[in-house]
Amino acid sequence: MLETFNIQSESGGYEVSIGSHMLVDGLKSEAHKCLKLIDDNVDRLWPLVCQGTGLKVLAVEQNKTLEQVAHLIEALRGLGANRSSYLYAFGGGIVQDLATFVASSYMRGIPWTYCPTTLLGMVDSCIGGKSSLNVGIYKNIAGNFYPPKKILIDIAFCQTLTMQEKIDGLCEAIKICFASPSFALEDCINIFDGDIEALSEKQLFDIVRLSLASKKMFIEEDEFDQGIRLLLNFGHTFGHAIEAATHFSVTHGVAVGVGMLAEIELSILRGIDLGKCARVEKLKSYLYSLLKNLPNLKNQLRTLSVGDALASFRSDKKHSTDKYYLILVNSQGRLERQGLVINPELELQIEIVFSNIKKGLLF
Ligand SMILES: NC(=O)c1ccc[n+]([C@@H]2O[C@H](COP(=O)([O-])OP(=O)(O)OC[C@H]3O[C@@H](n4cnc5c(N)ncnc54)[C@H](O)[C@@H]3O)[C@@H](O)[C@H]2O)c1
């Protein structure tokens, strides 16, 4: 299993390789000589991969900050990094967000390679070149675009992920497939029917390949998030609010999964008739089959403060002064970006959806 393809980008493009065991069996490449930014857990679980000069990062949302970026830049300087240094980053979305920002700003930019170690990193965040940092209570409010030169995806890293970390990735993968104008939704469901215990390396490889092939179209057509790529924010406005209002006890991918159900619910409250929409039914039943594997999720959602969730929702960077911008579903089960004029009726509908999330009524 090895596949390589290119992503076109204003930065000159970059290469993505998907394989198995090419990294975890020992990095024989130039990476040994390079500087590394490593997720603390990955360093512990996969010591062979991460030997050499490395900066370790504790992958928690509270560390995805400008302060952490400053600390890493100082540490790189301490290790003697200069303009011709090359950085390798190993980890999930948190390490990727930090590495993107650090690589882009260290001495005005050094080249780097990203090796995603979570399923979410593999199926989604690794391509597209974005960084997103949290500032204060605001999730993903600061960031930039700075794609790596190469992306090396080793599916074997998934062996040490928990069930919940796999579900994080599967939620983002089905979101991309649902957003795609092709038959990716059906293909994704055909690859994997929801039995996570039995998820094989071949199935993971096929899901990563399908998800990235589907996302490629969005980011090549709209690298800087001005048009069609915005559809990939489906589930994220509610998702970010769920993360913040549960103090990140609900992780990103799972929050996006619940967020998609929330944005479907809001579409219905806004008068969209989804009664006979097969695409939406397929997505919902896929999400139900994933989320039912997380017995603690309903308890976590019960702790959600609707007030905090509404505050986070309102401060989302995608809104304007007088409109909330959301990705909703139309009656054909296709995604549409809508600018909804802020008024008491809309505020009430959003509050109803958050209350239903808290009561565990969405799945
Ligand atoms: N920049 C982007 O385009 C983009 C896109 C989507 C999400 N994100 C961000 O990504 C973050 C979520 O990332 P994530 O879900 O990939 O996970 P993560 O980086 O939050 O890591 C989750 C946990 O998995 C551990 N881990 C990582 N690899 C492991 C492995 N192979 N085995 C065992 N444990 C491992 C980490 O140490 C951590 O405890 C969020 O902050 C989200 O906002 C960024």
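Trainee: Which residue in strand S4 stands opposite Ile38?

Mentor: This is a predicted model, in which local features need pLDDT of at least 70 and side-chain atom pairs pLDDT 80 or more, while totals for chains, interfaces and linings use all residues. Residues are numbered from 1 along each chain as its sequence is written, and side-chain values use heavy atoms, without hydrogens or water. Strand S3 (residues 35-39) and S4 (residues 54-57) pair in the parallel sense over four bridges (strands are DSSP E runs of at least two residues, numbered from the N terminus; pairing needs at least two DSSP bridges). In S4, the residue opposite Ile38 is Lys56.

Trainee: Which residue of S5 stands opposite Leu37?

Mentor: S3 also pairs in the parallel sense with strand S5 (residues 87-91), over four bridges. Opposite Leu37 in S5 stands Ala89.

Trainee: Which residues point the other way from Leu35, Leu37 and Asp39 in S3?

Mentor: Five of the five residues of S3 are buried (under 20% relative accessible area, 1.4 Å probe, protein chains only), so the strand is largely enclosed by the rest of the structure. Leu35, Leu37 and Asp39 point one way, and the other way point Lys36 and Ile38.

Trainee: How much of the accessible area of the ligand does the protein cover?

Mentor: The side chain of Asp39 has an N or O atom 2.8 Å from an oxygen atom of the ligand, and a polar backbone atom of Ile94 is 3.0 Å from a ligand oxygen atom. Of the 870 Å² of accessible area that the ligand has on its own (Shrake-Rupley method, 1.4 Å probe), the protein covers 90%.

How values were computed:
A polar contact is a pair of N or O atoms within 3.5 Å; within protein, one must be able to donate a hydrogen and the other to accept it, and residues adjacent in sequence count only if both atoms are side-chain atoms. Buried means under 20% relative accessible area, exposed over 50%, partly exposed in between (1.4 Å probe, protein chains only).
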